[in-house]
Amino acid sequence: MGYPGNYRYTRQHEWIEINGTGVGSVGITDFAQKQLGDVVFVGLPKVGTTFKGGEELATVESTKAVFEVFAPLSCEVLDVNRSLESAPEKVNADPYGAAWFAKVRILDPAELESLMDASAYEAFCPESKI
Amino acid sequence: MAESTAVNLRKTALNGVHRALGAKMVAFGGWEMPVEYPSSGGLVAEHKAVRTSVGVFDVSHMGDIRVYGKRASQAALAALEHLTMNQVSRLAVGQAQYSAMLYPAGTFVDDVIVHRLKDQDFLLVINAGTGEKDFHWARDNAQDFDCEVIDLSDTYTQLAIQGPRAIDVIAKLTDSPLSRLGSYWCTYATLAGLKDTLVARTGYTGEDGFEIYVPSDPETSEDVWEKVLSAGREFGMVPCGLGARNTLRLEARLPLYGHEISESINVWEAGLERFCRMEKGEFIGRDALRRAKESGLSRTLAGLEIVERGIARDGYRILDEAGNAIGAVSSGSPSPTLGKNIALAFVPPESAAIGSAVYVDVRGQKVKACVVPTPFYKRLRPRPTPADAHLGGRS
């Protein structure tokens, strides 16, 4: 599936796509969904909540385990993807598109600098584990 | 889901095969085992394959203890009556039973399947994580009996072929009429070209199936594995890992050591009275069990269906309506067959009536659950009864 070139990536396998001024979408990567196996449950944040980078924004569950999804950077949740609650399998099928978890307002754009670009993330993956 | 990096994990003879199949490996009971095979479609696909057709598991991590003695003394039988809670004398040659070894407190050393191979020759199949403890317990407590207790764990590769089509797969691997082998009976057959192979109609999935015991050298093990997979291909057989093994046994309400049974849980609390023959006479744990029955239970194992959004997992607290902790989940998971989230949990007897509402503390959220009958899943066709046949002798 590869790594969309215009996304930014975290060491915990989240991605953020900037899609407006100071606004982005957040999700988890193809590497992460493969490691998880079949996703059976998604726990989403409340709209309006703010997170520091690295705080638990959402949870993703496979049959066997619970995984935390961390906020890639400091943000405020503007919208959540409710469809993941009834169709968690989207996370496996389309992790970069239909399975966005939340739309967020980026509180400090400078924090984007410390995230990996696609090629850095691709290089990072093989040594990494969920 | 991380790849296991711990050193000193034991490996079964088929470890290389699982890795070659791209299995996700995990540590379990001191062993490196496949938890699921992406090439099989993963846990849910493996689970469904077993329920609808057939799957094969490498369960060589299980332990094996042989207890045998001279026929005249009947000492092997006597030792096992002393060591286990079920009534061993009820077993005909070729018959097996689910049982347990108990501590004097009436709690579990381990659960076990006792196979009567000959009149005074028994095979106990025990859990992976407790193997060494079990062997020493059995040997030490059989000291006063004139019988031998030997550890055969390393001598067997054990495969479990499970599902409604298991019998069709087995039929391709042997000329013996194993379809007539009764449920919980065992025999020896030429299987996959190997003479005198022990085959038992047992399993841990709630489906019909067979467990086969072959020599544990890598060459034989891999050869049998390939033959089994090859025979199973036309039925959609897939290799299945410990992940599916757990969801299958949970749906069938089969206990897992350290969860539903343990050294701090007694037979009554675990709901396993059906396998405990108090009337047979003395056995380790009997006195404590009688006293425990007289004083009544403070907790009992109940089946839960999670009715609000959330997955109850092992160790999560059970709460009452007011939010007081009243118990804990012993095993919890999504149920692929039922399409619901289920759990087994220890709760006070007064909260265990079918239909009772309890709450699960899911990482800080109070999630409503309902007590339901168990097993959660029961296969539609009855397993063949022992009355149907058992095969005498070797072939």
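**Exercise 1. Find out whether Ala192(B) is buried or exposed, then look at its backbone.**

Step 1. Count the neighbours: Ala192(B) has 22 other C-beta atoms within 10 Å, so it is buried. The cut-off behind this step is 20 or more such atoms. Keep in mind, here and in what follows, that you are working with a predicted model.

Step 2. Place the residue: Ala192(B) sits in the loop that links strand E11 (186-191) to E12 of chain B.

Step 3. Check the backbone: phi of Ala192(B) is near 50°, which is positive although the residue is not a glycine. As a reminder, most residues other than glycine have a negative phi.

**Exercise 2. Do the same for Gln74(B): which loop holds this residue, and how many C-beta atoms surround it?**

Step 1. Gln74(B) belongs to the loop between strand E5 (63-69) and helix H3 (75-83) of chain B.

Step 2. With 17 other C-beta atoms within 10 Å, Gln74(B) comes out as partly exposed. That count falls between the limits, because buried needs 20 or more and exposed needs 12 or fewer.

Step 3. Gln74(B), not a glycine, has a positive phi of about 55°.

**Exercise 3. Now try a peptide bond: describe the link from Thr374(B) to Pro375(B) and locate the proline.**

Step 1. Read omega: with a value near 5°, the bond from Thr374(B) to Pro375(B) is cis. Most peptide bonds are trans.

Step 2. Locate the proline: Pro375(B) is in the segment after strand E20 (365-372) of chain B.

**Exercise 4. Work out how strand E13 of chain B is held among other strands, and what follows E13(B).**

Step 1. Start with burial: six of the seven residues of E13(B) are buried, so the strand is largely enclosed by the rest of the structure.

Step 2. Take one partner: E10(B) runs antiparallel to E13(B), joined to it by seven bridges. Thr157(B) stands opposite Val214(B) of E13(B).

Step 3. Take another partner: strand E12 (residues 194-200) of chain B is also antiparallel to E13(B), with three bridges between them. Here Leu198(B) has Tyr213(B) of E13(B) as its bridge partner.

Step 4. Move on along the chain: Asp217(B) lies in the loop between strand E13 (209-215) and helix H6 (218-232) of chain B. Asp217(B) counts as exposed because it has 12 C-beta neighbours inside 10 Å. Its C-alpha atom is 32 Å from that of Asp146(B), a residue 71 positions away along the chain.

**Exercise 5. Explain why helix H2 of chain B is described as largely enclosed, and name elements that cover it.**

Step 1. Seven of the 10 residues of H2(B) are buried, so the helix is largely enclosed by the rest of the structure.

Step 2. Pick out the buried residues: among them are Leu43(B), Val44(B), His47(B) and Arg51(B).

Step 3. Look for the cover: it includes strand E3 (31-36), strand E10 (156-162), strand E14 (238-240) and H7 of chain B.

**Exercise 6. Zoom out: describe how chain B divides into domains and how those domains touch.**

Step 1. Domain 1 of chain B takes in 10-59 + 155-251, and domain 2 takes in 298-372. Over C-alpha atoms, the centres of domain 1 of chain B and domain 2 of chain B are 32 Å apart.

Step 2. Eight residues from domain 1 of chain B and seven residues from domain 2 of chain B make the contact.

Step 3. On the domain 1 side, helix H2 (43-52) and helix H7 (242-251) of chain B are the elements giving two or more residues. The residues of that side divide into two nonpolar, three polar and three charged.

Step 4. Finish with the whole of chain B, which has eight helices and 20 strands. The radius of gyration of chain B is 21 Å, close to the 21 Å that the globule rule gives for 395 residues, so the chain is as compact as a globular protein of that length. Buried residues make up 50% of its 395 residues.

**Exercise 7. Turn to chain A: in what order do the strands of its open sheet come?**

Step 1. Three strands of chain A form the sheet in the order E4-E6-E7, with antiparallel pairing. Strand E4 (39-43) and strand E7 (66-70) of chain A are the edges, each pairing on one side only. The twist averages 25° from one strand to the next.

Step 2. Five bridges join strand E6 (residues 56-62) of chain A to E7(A). Glu61(A) stands opposite Val66(A) in E7(A).

Definitions and conventions:
Residues numbered from 1 in each chain as written. Chains lettered and ligands numbered in written order. Predicted model: local features only at pLDDT ≥ 70, side-chain atom pairs only at ≥ 80, totals over all residues. Pairing = 2+ DSSP bridges. Helix = DSSP H or I, 4+ residues; strand = E, 2+ residues; numbered from the N terminus. Axes fitted to C-alpha atoms, helices over the stretch in contact; angles between N-to-C directions. Domains from an automatic or database assignment. Contact = placed C-beta atoms within 7 Å. Nonpolar A, V, L, I, M, F, W, Y, C, P; charged D, E, K, R; others polar. Rg over C-alpha atoms; globule rule 2.2 N^0.38 Å.
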